[in-house]
Amino acid sequence: MTIIKMKFEFENKTGYTTERLMRFLGYSLFHDAYVRRAGTLRYPRFHIYLKEKNNQILINLHLDQKKESYQGHKAHSADYDDSFALEKEKQRIVNLLKTS
C-alpha cells in the first residue's frame, strides 16, 4: 500500500498560540498531535500532526478509521490519501481561518 499523506500549510494570522488555534479549529491535544471527531463516536476521527516555523504552520492530516489493531502499538487503520473526507476537512479549516 502506498501511503500518501495530505499536507498543507498556512500562515497563522490569528495571533493565537498554536494550541488555542487548534481549539478554535475544533481539535484537542492528544499526545503529540491533535484530533477531532468526525462524528459522535470516538472513531473515525481526524488526526493532525503539525510543525511550526516562524508564523507558518505545516499540517499533516489523516483520518483514523478505527482504534489500533495491535495491543501495545500505536499503529491504527488510517486513511492517508486524498479522499473526499480529507479534502472536505481541509476546506473546513481553510474557511474557518478566513473568518478569523
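**Figure 1. The whole chain, with 2 helices and 6 strands.** Welcome to this predicted model; here is an overview before the close-ups. Followed along the sequence, the elements come in the order β-α-β-β-β-β-β-α. The chain has 100 residues, and 32% of them count as buried. Its accessible surface comes to about 7,000 Å², and carbon and sulfur atoms hold 50% of that area. Among contacts with a separation of 6 or more, 42% are between residues 24 or more positions apart.

**Figure 2. The largest nonpolar core, a set of 17 residues.** Within this core, Y27 and L61 touch the most other members. At least two residues each come from β1 (6-11), α1 (18-24), β4 (45-53), β5 (56-66) and α2 (84-99). The biggest share is that of β5, which gives 4 residues.

**Figure 3. A close look at L61 and its contacts.** Which residues does L61 touch, leaving aside those up to four places away in sequence? The list includes M6, F8 and Y27, then F46, H47 and I48, and finally L86, E89 and K90. Two of these names come back in later views: E89 is a salt-bridge partner of R36, and H47 is paired with R37 in a C-alpha distance.

**Figure 4. A salt bridge within helix α1, between E19 and R23.** The model has 4 salt bridges in total, and this view shows one of them. The side chains of E19 and R23 meet with an N to O distance of 3.7 Å. Both residues belong to helix α1 and sit 4 residues apart, about one turn of the helix. Are the two partners buried or exposed? E19 counts as partly exposed because its relative accessibility is 37%, while R23, at 52%, counts as exposed.

**Figure 5. R36 and E89, a salt bridge between a strand and a helix.** Here the N to O distance is 2.7 Å. R36 lies in strand β3 (residues 33-37) and E89 in helix α2, so the pair ties together parts that are 53 residues apart in sequence. E89 has a relative accessibility of 2%, so this residue counts as buried. There is a third member to look for as well: R36, E89 and R92 are linked in a network of salt bridges.

**Figure 6. R45 and D64, a salt bridge between strands β4 and β5.** The closest N and O atoms of R45 and D64 are 3.1 Å apart. R45 is in strand β4 and D64 in strand β5, and the pair links distant parts of the chain, 19 residues apart. How buried are these two charged partners? R45 counts as buried because its relative accessibility is 8%, under the 20% cut-off. D64 is buried too, with a relative accessible area of 0%.

**Figure 7. R37 and its surroundings.** R37 is placed in strand β3. With a relative accessibility of 48%, R37 counts as partly exposed, because that label covers values between the 20% and 50% limits. Setting aside residues up to four places away in sequence, R37 touches R42, P44 and R45. One of these, R45, is the salt-bridge partner of D64 in the previous view. How far is R37 from H47? The two are 10 residues apart in sequence, and their C-alpha atoms are 8.8 Å apart in space.

Conventions. Residues are numbered from 1 along each chain as its sequence is written. This is a predicted model: local features need pLDDT of at least 70, side-chain atom pairs count only at pLDDT 80 or more; totals for chains, interfaces and linings use all residues. Side-chain values use heavy atoms; hydrogens and water are left out. Buried means under 20% relative accessible area, exposed over 50%, partly exposed in between (1.4 Å probe, protein chains only). Contact means heavy atoms within 4.5 Å. Accessible areas come from the Shrake-Rupley method with a 1.4 Å probe; for residues, only the protein chains shown count as cover. A nonpolar core is a set of buried Ala, Val, Leu, Ile, Met, Phe, Trp, Tyr and Cys residues joined through side-chain atoms within 4.5 Å.
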